Amino acid sequence: MAAVGEPGVLATARYGKDKVRVFRVVRDPESKVQDVVEYNVTVLVEGAIETSYTQADNTVVVATDSMKNITNYLAKVSPHVLDPARFALHLAAHLLARYAHVSAAFVTVEHLRWARIGAGASGGAAGHKHAFWRDGSEKRFVEVEAARKSDGDGAVARVAGGLKDLLVLKSTGSAFENFVRDEYTTLAEVDDRIFSTSIDLRYTYGEVDMQLPRDEMGLVFGEQNLNKNEGEDLYAWEDAKVGALAREITLDVFAHDESASVQATLYKMAQRVLAENVGVETVRYTLPNKHYIAVDMKYIGVDNTTPRNAEVFTPVDAPSGLIMATISRR
């Protein structure tokens, strides 16, 4: 509420802790196999916190340092820590169960890729028991928004997943022709070119009803806390499988599509993700072009610019094309 004479009112308010870095080791005492995950976590809350802004009232503030501590504690005790979506749902549910004045929790988990050394190679199919390597700059992510129901009985959860910074390239199988030509056009049409992009993919699920933990600490949480209609799967709870399949589809379409444009390839990717993941409601791709410019060698009498002879290129970071679209289920 604005004080008398103030020209504005508080329209929205949200706060929390950003860039909470978490690394967790999970040890199996019998097999001696260890698993690791590394996360960057963002935790935000909304609720009855207006007076912290309008009246300097900190009694309604859960310190952002406490949110960091909660995240680390959940990473220690949650049975779901190895699964980003399940861990994010657990963290959001705990915040709502623990703090009655919080009406919504927003958790983003960015998952960095560590792969087991030797998996599928000389180390055997299982790989080394406790040695890993950083598998590229690609990151998987999950976003959870859990909003308390108005009747106070549980919450509604919205979950999105995806990946970002998946750098791909193919040296042929891509063209760009028949685009608008006018006085501003200098780009030549090509029927064969390098196609490279850094893929960002985000997909969303439908809403799911969620029962909050009822134990004293607000910690007991699992699949049983999520309600589903008879005959339906809890797709968001299985995001690890959905994400792996969406990644596989993305790479397969990129590699095999005879691309007429980045736009056309993007559309085919999204349609397959929807077709093969019935629980996904929307798919959004963002594909920035990574340009490779053929080096002009006419100065030495060598043709390196026609598509069939172009073999030496200069990578160019900027400016770059940026193609994006969202495809929704009918």
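Patches are built from residues with over 30% relative accessible area and no salt bridge (a side-chain nitrogen of Lys or Arg within 4 Å of a carboxyl oxygen of Asp or Glu); like charges are joined within 9 Å, nonpolar side chains (Val, Leu, Ile, Met, Phe, Trp, Tyr) within 5 Å. The model here is predicted, so local features need pLDDT of at least 70 and side-chain atom pairs pLDDT 80 or more, while totals for chains, interfaces and linings use all residues. Numbering starts from 1 along each chain, and side-chain values use heavy atoms, leaving out hydrogens and water.

**Exercise 1.** Find the nonpolar surface patch that includes Ile300, and place Ile300 in the fold.

*Solution.* Start with the members: Tyr299, Ile300 and Val302, together offering about 360 Å² of accessible area (Shrake-Rupley, 1.4 Å probe, only the protein chains shown counting as cover). Next, locate Ile300: the loop between β9 (291–294) and β10 (313–316). Strands are DSSP runs of E, at least two residues, and helices are runs of H or I, at least four, numbered from the N terminus. Finally, Ile300 is exposed, at 57% relative accessible area (exposed is over 50%, buried under 20%, partly exposed in between).

**Exercise 2.** Work out which strands pair with β5 (155–170).

*Solution.* Pairing takes at least two DSSP bridges. First, β4 (132–148) runs antiparallel to β5 over ten bridges, with Arg140 partnering Leu163. This is a hairpin with six residues between the strands, and Gly152 in the turn has a positive phi of about 80°. Then comes β6, antiparallel over nine bridges; Val168 faces Thr197 there. Last, β7 (208–210) adds three antiparallel bridges, with Val156 opposite Asp209.

Notes
Buried means under 20% relative accessible area, exposed over 50%, partly exposed in between (1.4 Å probe, protein chains only).
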